[in-house]
Amino acid sequence: MMQRPSPLILIIDDEESIRDGCRQALEKLGYAVLDAGDGNEGIKIAREAKPDIALIDLKMPGISGMEIIEILSRDLPDMVLVMITGYATIVSAVEAIQKGAYDYLPKPFSPDQLRAVTQRAIEHRNLKIETRRLREEKDRMEKSFITFVSHEMRSPLVVIRQYLEALKAVAGDRLNRDMTEIIERCCARIQNLETMVEHWLDIRKIGEGAFVGKKEPLDLLYIIGRTAEEMAPICKANGLQLEIMDLPEKIPEILGDPESLLRVFINIIGNATKYTPENGKISISAKSDDYHVTVRISDTGAGIPADKLPFIFEPFYRVRGKEERQRGSGLGLTFCKRIMELHGGEIAASSVEGQGSTFLLKFPTHMQPGQRMGSRTTPSGRKG
Amino acid sequence: MTAKKRILLIDDDKDFLIATKLILEKGGYEVFLAEDGKTGVEIWKSVAPDLAIIDLMMETWGEGFSVLSRIRATDTGKDTPLFLLSAVDLQGPYNSFEPPPEFPKVNAVMQKPVKAEDLLRRIAQELGGKMMS
């Protein structure tokens with residue numbers, strides 16, 4: 001453990017006899033000692049020399065011990081402060097400790113008492129430093145674990161897919177259909193694993209509060225538009241119709257992070273494309289009142305069995321079905337739910353097996369103080 | 001027979017280099033490999049390839065940017081096509097990637113793993129082996 005060879009102790013006291021007495025007693029124990037005759041000098045020395053411990057007299061001309069404690073405990077949180085006081089009342093002791101002192105020493109005191117208090121203060125300081133070191137170590141390990149996962153797990157997967165690409169390019173025309181299919185299946189499974197790693201990382205990031213960016217007033221119609229743009233090719237490739245219907249011309253703004261909400265929408269529609277058979281339909285609609293905007297995403301897919309519906313937002317839960325086009329990571333809906341929660345919103349699902357599923361995303365509207373939403377409705381024409 | 005066009009590939013993952021080299025050779029190119037940015041810039045100076053493909057995230061994040069800038073700053077690198085490769089989808093909806101306005105020209109940003117046909121098509125577009133117009 002990194003530590004100074006001998007602890008450095010600062011004595012701030014206006015009485016020279018106390019300073020000398022303490023110095024002698026402490027130096028005898030092998031401590032290095034600095035002293036100051038008044039508060040300003042004491043603070044200056046403390047800031048420069050950063051002693052391990054400061055013994056501070058409560059009553060001094062000029063700046064008082066209580067003020068010194070306040071300043072030093074704020075500026076140099078690692079330093080352990082001990083108050084020396086001639087009139088040791090409980091009140092002043094309590095106040096000193098509230099202001100950041102660790103202990104107090106009533107005058108007059110014997111060298112033994114001084115040693116005992118100093119020893120305790122040093123142990124306290126070592127503990128403080130050790131605790132902080134361990135906390136930093138823990139944070140560092142968590143952070144490097146995430147970096148490890150994102151780099152060390154992802155890059156081999158990327159490389160394997162690149163090799164498979166190379167294999168197809170090199171062997172190309174010499175591969176028969178079975179061989180090509182094997183390669184394609186390998187690619188798909190590796191890609192799934194990559195997605196799972198990515199989703200898992202996303203959920204970790206949400207846990208750290210790092211995922212949702214700065215929230216801003218946001219028009220969900222914009223998010224719906226971008227989602228539709230993004231998902232149109234996949235829907236088309238799977239022979240599905242993507243329909244935006246019943247959209248009001250204007251809906252109240254919400255407060256949200258556009259990128260993470262876009263991911264939520266893409267995720268849900270992505271699920272719908274996986275579970276909806278060809279010629280099916282996915283529809284998005286939205287409605288609002290003064291307090292909420294609700295987006296509804298429905299599909300005409302396989303649906304979710306009633307007994308499985310309560311669990312679909314749980315991590316790694318998957319509804320397995322033969323209609324499924326592609327295996328998911330089991331984390332997509334967990335992700336959506338967490339992001340919705342971070343927006344003060346809710347997500348709910350309903351489903352009729354064999355007919356389709358509907359996801360409702362409900363957001364609180366963003367209201368400026370004093371502003372009433374519903375500028376579209378006339379004052380008397382509010383919906384009941 | 002015309003000489004083969006030459007491509008420099010810079011990536012700190014040896015396997016990625018080998019796999020991509022196979023694809024490029026299949027496309028009829030001569031390929032030079034560098035496992036770090038410094039070596040990459042050196043090879044660039046001595047070989048003067050027709051195109052370079054640079055991994056964005058090597059030893060440090062964004063190392064590829066600095067390698068690309070250094071190559072652009074060389075005499076032979078002013079107008080040569082330079083591609084950046086990244087393991088994260090920089091052009092997807094989540095990581096919208098826009099190099100700063102003063103940043104040297106990047107001819108293409110592609111996501112790893114890169115599909116053989118996509119890579120060869122983009123290279124052909126840049127190197128004038130005009131495929132279909």
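Which residue follows H2(B), and what is the sign of its phi? In this predicted model, that residue is B:Ala48, and its phi is positive, near 50 degrees.

Helix H2 itself spans residues 37-47 of chain B, and its buried residues are B:Gly37, B:Gly40, B:Val41 and B:Trp44. These sit on the same side of H2(B), because the arc they cover around the axis is only 95 degrees. The spacing fits the usual helix arithmetic: an α-helix has 3.6 residues a turn, so residues three or four places apart point the same way. Flip to the other side of H2(B) and B:Thr39, B:Glu42 and B:Ser46 turn up exposed. As for the cover over the buried residues of H2(B), it includes strands S1 (6-10), S2 (30-34) and S3 (51-55), along with helix H3 (63-72), of chain B.

Over to the nonpolar cores. The largest one has 36 residues, and those with the most contacts inside it are A:Leu220, A:Ile268, A:Ile269 and A:Val295. Helix H8 of chain A gives the most to this core, chipping in eight residues. Setting aside neighbours within four places in sequence, A:Ile269 is in contact with A:Thr227, A:Met231, A:Ile282 and A:Ile297. A second, separate core has 35 residues, among them B:Ile7, B:Tyr29, B:Ile53 and B:Leu56.

Where the two chains meet, chain A puts in 16 residues and chain B 15 residues. On the side of chain A that touches chain B, helices H5 (111-171) and H8 (258-275) each supply at least two residues, and H5(A) gives the most, with twelve residues. By class, that side of chain A has seven nonpolar, two polar and seven charged residues.

Key: Residues are numbered from 1 along each chain as its sequence is written. Chains are lettered from A and ligands numbered from 1 in the order in which they are written. This is a predicted model: local features need pLDDT of at least 70, side-chain atom pairs count only at pLDDT 80 or more; totals for chains, interfaces and linings use all residues. Two residues are in contact if their C-beta atoms, placed from the backbone, lie within 7 Å. Helices (H or I, at least four residues) and strands (E, at least two) are DSSP runs, numbered from the N terminus. Ala, Val, Leu, Ile, Met, Phe, Trp, Tyr, Cys and Pro count as nonpolar, Asp, Glu, Lys and Arg as charged, and the others, Gly among them, as polar. A nonpolar core is a set of buried Ala, Val, Leu, Ile, Met, Phe, Trp, Tyr and Cys residues joined through C-beta atoms within 7 Å. A residue is buried if 20 or more other C-beta atoms lie within 10 Å of its own, exposed if 12 or fewer, and partly exposed in between; C-beta atoms are placed from the backbone. The arc is that of the directions from the helix axis to the C-beta atoms.
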